[in-house]
Amino acid sequence: MTLDRRALMAAAAALLTAERVKAQENPGEPTVRALRPIGDPAMQALPQVPTQPPVRETVQALPKSAPGSELEVIDLWPGLPPGGGGPFRSDYRFDETLGGVITGVTRPCLMVVRPERPNGGAFLVAAGGGYRRIDISGEGLPVAAWLAKAGFHVFVLIYRLPSEKWGDGPDAPRQDAQRAVRLIRANAAQYGIDSERIGLLGFSAGGHLMGETAVDSEVDLYDDVDEADQQSAHVALAGLIYPIITLKAPFDRTISSRVVLVGENPSEAQRRAYSVDSQVTKRAPPIFLAQAADDPVGTVDHPLRMYNALRAVGVPVEMHLFERGGHGFGLGVPGMPAAAWANLFLSWIRARGFMRNV
């Protein structure tokens with residue numbers, strides 16, 4: 001897969017914004033599915049993690065129309081993920097529609113997009129989908145191609161979906177995200193990455209996940225499985241794009257995310273436990289927020305609450321609200337107001353010394 005091809009995917013995905021929003025909050029059963037094979041476990045292990053390291057594999061090619069089919073894939077866990085449960089299929093990592101919508105995640109993993117001219121930085125990217133699916137064609141691979149063009153190694157996170165009955169429920173994707181940061185840092189030398197220049201970028205429910213990962217890095221969510229887990233899960237900065245921030249009424253219009261994470265009638269304690277703004281401390285990294293004012297899913301109250309929480313403890317934060325854009329705009333349609341966020345984000349990370357010339 002070339003970067004040019006994924007750039008074309010970005011434009012096509014932007015035209016399907018309304019359909020993606022519907023899929024995120026009112027998901028139906030995919031009708032065309034491909035299975036991502038695990039591959040040969042005897043392939044070369046990643047260095048830098050000597051105790052039961054995960055395996056890096058080049059997966060068997062899927063049809064050319066399946067996004068990400070040609071990318072390098074890294075399993076997050078050397079065995080079964082923590083907590084047990086979830087869908088079981090011994091030979092496949094996940095199900096993927098030919099349109100790039102992922103469900104049935106049995107083995108969470110990272111899709112790796114390498115830059116032609118590395119600048120030493122890296123991003124972990126999480127696409128949204130209401131915690132019921134992951135839209136890598138609209139918010140994963142096009143974004144990864146854009147960041148790779150800017151010189152970053154990009155790791156697209158395929159995380160466990162709490163709706164698929166994992167034993168650790170809403171903590172399962174959080175475990176995957178925390179493990180991903182540690183694994184990237186443990187293998188920084190292999191990729192030529194500065195271990196202190198690892199950032200997060202998340203969209204919608206993926207923004208909720210990256211927000212939790214950014215502000216809750218000091219809390220261990222699982223028992224160590226190998227030496228990679230000795231690494232810190234702290235990141236240098238995070239970008240949260242039309243993120244789901246709070247599960248508190250009256251802002252919990254994101255019915256899918258709220259029900260999947262805390263149920264139909266959650267207690268206030270449950271709502272607070274999975275509201276990102278409630279977890280903010282002064283240890284949180286600098287955060288960039290972007291949102292469209294006409295977003296019908298995650299209203300502007302979400303980034304506003306996050307902005308106020310960060311400002312209250314003195315954490316640097318930049319926020320951009322756009323008049324139009326709706327929900328699920330990804331990189332945005334050129335010429336539309338919300339499309340400006342991408343260049344604003346690059347300017348912000350450059351000003352913070354995270355983006356360097358290559």
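Two helix axes count as roughly parallel at angles under 35 degrees, roughly antiparallel over 145, roughly perpendicular from 65 to 115, and oblique for the rest. Keep that scale in mind as we walk through this predicted model, beginning with a pair of helices.

The pair is α5, residues 172-186, and α7, residues 205-215. Their axes come within 10 Å and cross at roughly 60 degrees, so the two helices are oblique to each other. If you turn the model to look along the contact, you will find that α5 passes α7 in a right-handed crossing. Which residues in α5 meet α7? On the α5 side they are Pro173, Arg174, Ala177, Gln178 and Val181, and their partners in α7 are Leu209, Met210, Glu212 and Thr213. By character, the residues of this contact divide into five nonpolar, two polar and two charged. As a reminder when you look at the spacing of such positions, an α-helix has 3.6 residues a turn, so residues three or four places apart point the same way.

Helix α5 also holds a residue worth tracing to another part of the chain. Arginine 179 and leucine 76 are 103 residues apart in sequence, yet their C-alpha atoms are 6.8 Å apart in space. Leucine 76 sits in the loop between β3 (72-75) and β4 (92-97). Is this loop residue buried or exposed? Its relative accessibility is 0%, so leucine 76 counts as buried.

Let us now step back to the whole protein. Its secondary structure comes to eleven helices and 13 strands, and 60% of its 358 residues count as buried. Among contacts between residues at least 6 apart in sequence, 78% join residues at least 24 apart.

Next comes the interior. The largest nonpolar core has 89 residues, and Leu201 and Trp341 are those with the most contacts inside it. What does tryptophan 341 touch, leaving aside residues up to four places away in sequence? The list is Trp146, Leu201, Phe203, Ile241, Phe288, Ala290, Phe322, Phe329, Gly330 and Leu331. Notice that Leu201, named with Trp341 for its contacts in the core, is itself one of the residues that Trp341 touches.

Trp146, another of those neighbours of Trp341, leads us to our last stop, since it is one of the buried residues of α4. This helix spans residues 141-149 and is mostly covered, with eight of its nine residues buried. Alongside Trp146, the buried residues are Leu141, Pro142, Val143, Ala144, Ala145, Leu147 and Ala148. Just after α4, glycine 151 takes a positive phi of about 105 degrees.

How values were computed. Residues numbered from 1 in each chain as written. Predicted model: local features only at pLDDT ≥ 70, side-chain atom pairs only at ≥ 80, totals over all residues. Heavy atoms only, no water. Axes fitted to C-alpha atoms, helices over the stretch in contact; angles between N-to-C directions. Helix = DSSP H or I, 4+ residues; strand = E, 2+ residues; numbered from the N terminus. Left-handed = near helix turned anticlockwise from the far one by under 90°. Contact = heavy atoms within 4.5 Å. Nonpolar A, V, L, I, M, F, W, Y, C, P; charged D, E, K, R; others polar. Core = buried A, V, L, I, M, F, W, Y, C linked by side-chain atoms within 4.5 Å. Buried < 20%, exposed > 50% of the residue type's maximum accessible area, 1.4 Å probe, protein only.
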